[in-house]
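Please take a look at the structure shown here before reading on. The paragraphs that follow lead through it step by step.

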Amino acid sequence: AKRNGRNRFEHFTKEMGEMAQRRRIVENDLREAITTGQLRLYYQPITNNQHCEIVGYEALMRWHHPEKGVIMPLDFIPIAEETGLIHNLGAYALYEACREAASWPGEQMVAVNLSPLQFKSSALIAVVEGALKESGLAPHRLEVEITESVLLDNTMKNIDVLRDLKALGVHIALDDFGTGYSSLSYLRSFPFDKIKIDKSFINDMQDSREALAIIRAITGMSRSLDIQITAEGVESIEQFQRLKDEGCTLFQGYYFGRPQPSENRLKTF
Ligand code: C2E
Ligand code: CA
Ligand code: CA
Ligand code: CA
C-alpha cells in the first residue's frame with residue numbers, strides 16, 4: 001500500500017510537472033503572439049429591442065496560432081492573467097477595438113472586456129485615454145465590460161476607478177450579472193450604464209422557473225434604476241421574444257450573429 005501511495009505521488013508530481021511545462025510553452029507562445037499580431041478581435045453584434053438594429057459589437061479575442069489554429073479566450077486569458085501578460089493583451093484590445101470602431105458607421109459602439117487585473121492597475125485610465133486619443137473614437141462609443149468580482153474588495157478605490165472612467169466619457173457595463181456575488185447595493189452606489197444578464201440564465205429560462213424569476217428581478221430593478229439590460233447568449237427567436245416581453249432592451253447571441261473579424265462582421269440583421 002505504501003508503495004502504491006508513492007507511485008501515485010510520483011505520478012501526480014509528474015503530471016504537475018507536465019502541466020507546468022505546458023503552461024510555460026503557452027506563456028512563451030503568447031508573448032510572441034502579442035508581438036507578431038496573432039491576436040485578433042472578433043466582433044459580435046448587439047441589437048436593440050425596437051427594430052433589431054445593430055447598436056454596436058462586443059470585441060472578443062481570438063488567438064490565431066500558427067500551428068494550433070484558432071485558440072479561444074478561455075484557453076489563454078487565464079494564463080495571461082497568471083503571467084501578467086494580460087496587461088499587454090488588454091491594452092492591445094483597447095487600442096485595436098477603438099481603432100476599428102472608429103471606421104464603423106454612425107453611433108455604433110464597441111464593448112471591450114476588462115480583466116479584473118487590468119481594472120486594478122494604476123495604468124488603466126492612461127491606457128483607455130490613449131486608445132481614445134489615438135483612434136479619435138468618441139468616448140461614448142467605447143464601453144468597458146467589468147465583472148462583479150472587481151467590486152468585491154476595496155470598494156471605495158474601485159468606485160474611484162469607475163468614476164475616472166466615466167469622467168473620460170466611456171460607458172460601463174456590468175458583465176455576467178447574476179453569476180457572482182451580486183450585491184444589488186452596488187447598483188445604487190454606482191450608476192452602471194448597462195447590465196448584461198449572464199447567458200446561463202437565458203439558457204435555462206425555458207425550463208427553470210428560478211432562472212426566469214431572476215431575469216424578472218433584474219429587469220424589474222433596471223426599470224426603476226433606468227439601466228439598460230442586455231440579454232446575452234440569445235440563441236432562438238423564442239428566447240428573443242420572451243426576453244423582449246420581460247423588458248430586456250438589448251440582445252446578443254448566436255441567433256443574431258456570431259463573432260466575426262471587423263471586415264466580415266454582421267452589418268444588418
Ligand atoms: P463574455 O464576456 O461573457 O463573452 C460572451 C461569450 O459568449 C463569448 O465567448 C461569446 O462568443 C459567447 N457567446 C455569444 N453568443 C452566444 C450564444 O448565443 N451562445 C453561447 N453558448 N455562447 C455565446 P468567447 O468569445 O469564447 O469568450 C469567452 C470569455 O473570454 C468572455 O466571456 C470574456 O470573459 C473573455 N474574453 C474574451 N475576449 C477578451 C478580452 O479581450 N479581454 C479579456 N480580459 N477577456 C476576454
Ligand atoms: Ca463580456
Ligand atoms: Ca458575459
Ligand atoms: Ca463570462
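Which residues coordinate the calcium ion (ligand 3)? In this predicted model, the calcium ion (ligand 3) takes its donors from D175 (OD), D176 (OD) and E232, the last of which is listed with OE twice, and these donors lie at 2.3 to 2.4 Å. Along the chain, the donors follow the spacing D-D-x55-E, and the site thereby links distant parts of the chain, since D176 belongs to strand β6 (residues 171-177) while E232, 56 residues apart from D176, sits in the loop between β8 (228-231) and α11 (237-246). D176 is partly exposed, because its relative accessible area of 24% is not under the 20% that would make it buried, whereas E232, with a relative accessible area of 8%, is buried. D175 also bridges the calcium ion (ligand 3) and the calcium ion (ligand 2), and these two ions lie 3.9 Å apart.

Strand β6 is also part of a run of paired strands, for 3 bridges join β6 to β7 in parallel, with L174 having I195 in β7 as its bridge partner. Strand β7 is in turn joined to β8 by 4 bridges, again running parallel, and K194 stands opposite Q228 in β8. Within β7 (residues 194-197), K194 and K196 point one way and I195 and I197 the other way, yet all of them are buried.

The largest nonpolar core has 71 residues, and L142, I146 and L165 have the most contacts inside it; helix α3 (residues 86-101) supplies the largest share, 7 residues. Leaving aside neighbours within four places in sequence, I146 is in contact with residues including I172, A173, L174 and the calcium-bridging D175.

Methods:
Residues are numbered from 1 along each chain as its sequence is written. Chains are lettered from A and ligands numbered from 1 in the order in which they are written. This is a predicted model: local features need pLDDT of at least 70, side-chain atom pairs count only at pLDDT 80 or more; totals for chains, interfaces and linings use all residues. Side-chain values use heavy atoms; hydrogens and water are left out. Donors are N, O and S atoms within 2.8 Å of the metal (3.2 Å for Na, K and Ca); water is not among the atoms, so sites may look incomplete. Helices (H or I, at least four residues) and strands (E, at least two) are DSSP runs, numbered from the N terminus. Buried means under 20% relative accessible area, exposed over 50%, partly exposed in between (1.4 Å probe, protein chains only). A nonpolar core is a set of buried Ala, Val, Leu, Ile, Met, Phe, Trp, Tyr and Cys residues joined through side-chain atoms within 4.5 Å. Contact means heavy atoms within 4.5 Å. Two strands pair if DSSP finds at least two bridges between them.
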